[in-house]
Amino acid sequence: MNFQPYPFHWVPAAGQRHASTDARPPGGYPTGMEVATLCGCRLVADNSELAWFWNTCPVCNRAAHALAGVPFYGGH
């Protein structure tokens, strides 16, 4: 069993990095897999190298901080 400190994973999709609580396959969500995100969307993952440089979805970021019990200090 892999260690998972938080109940979510990050997934690039639709031009941003989103967070999801969907079960994640080993190696991450593969490109083309549809996932439910913490911002309330169903999006198609893009597990390309460049996609990890995209900006983080501000709604997912706030929700991920809340799930992790970590204060959110971002400006979005």
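Is M33 buried, exposed or partly exposed? M33 counts as partly exposed, because its relative accessibility is 26%. The model behind this value is predicted.

**M33 and its surroundings**

M33 sits in the loop that links β2 (16-20) to β3. Setting aside residues within four places in sequence, its contacts are A23, P25, L43, V44 and A45. A45 is 12 residues from M33 along the chain, and 5.4 Å separates their C-alpha atoms.

**S20 in strand β2**

S20 belongs to strand β2. S20 is buried because its relative accessible area is 0%. The S20 side chain makes polar approaches to backbone atoms of two residues, D22 and A36. With D22, the partner is the backbone nitrogen, at 3.0 Å. With A36, the partner is the backbone oxygen, and the distance to a polar side-chain atom of S20 is 2.6 Å.

The contacts of S20 beyond four places in sequence include P7, F8, H9 and V11. Y29 is also on that list, as is the run V35, A36, T37 and L38.

**T37, a contact of S20**

T37 is placed in the loop between β3 (34-36) and β4 (42-44). T37 counts as buried, because its relative accessibility is 8%. Outside the four-place window, T37 touches H18, A19 and S20. L43 and C60 complete its contacts. L43 also appears among the contacts of M33.

**Cysteines**

How many disulfides does the model contain? The count is zero. Two cysteines show why, since a disulfide needs sulfur atoms within 2.5 Å. For C41, the closest cysteine sulfur is that of C39, and 3.9 Å is too far for a bond. For C57, the closest cysteine sulfur is that of C60, and 3.8 Å is again too far.

C41 and C57 also fall into separate exposure classes. C41 is partly exposed, because its relative accessibility is 34%. C57 is buried, because its relative accessible area is 5%. C60, the cysteine closest to C57 by sulfur distance, is also among the residues that T37 touches.

**Exposure summary**

| Residue | Relative accessibility | Class |
|---|---|---|
| M33 | 26% | partly exposed |
| S20 | 0% | buried |
| T37 | 8% | buried |
| C41 | 34% | partly exposed |
| C57 | 5% | buried |

Conventions. Residues are numbered from 1 along each chain as its sequence is written. This is a predicted model: local features need pLDDT of at least 70, side-chain atom pairs count only at pLDDT 80 or more; totals for chains, interfaces and linings use all residues. Side-chain values use heavy atoms; hydrogens and water are left out. Helices (H or I, at least four residues) and strands (E, at least two) are DSSP runs, numbered from the N terminus. Buried means under 20% relative accessible area, exposed over 50%, partly exposed in between (1.4 Å probe, protein chains only). Contact means heavy atoms within 4.5 Å. A polar contact is a pair of N or O atoms within 3.5 Å; within protein, one must be able to donate a hydrogen and the other to accept it, and residues adjacent in sequence count only if both atoms are side-chain atoms.
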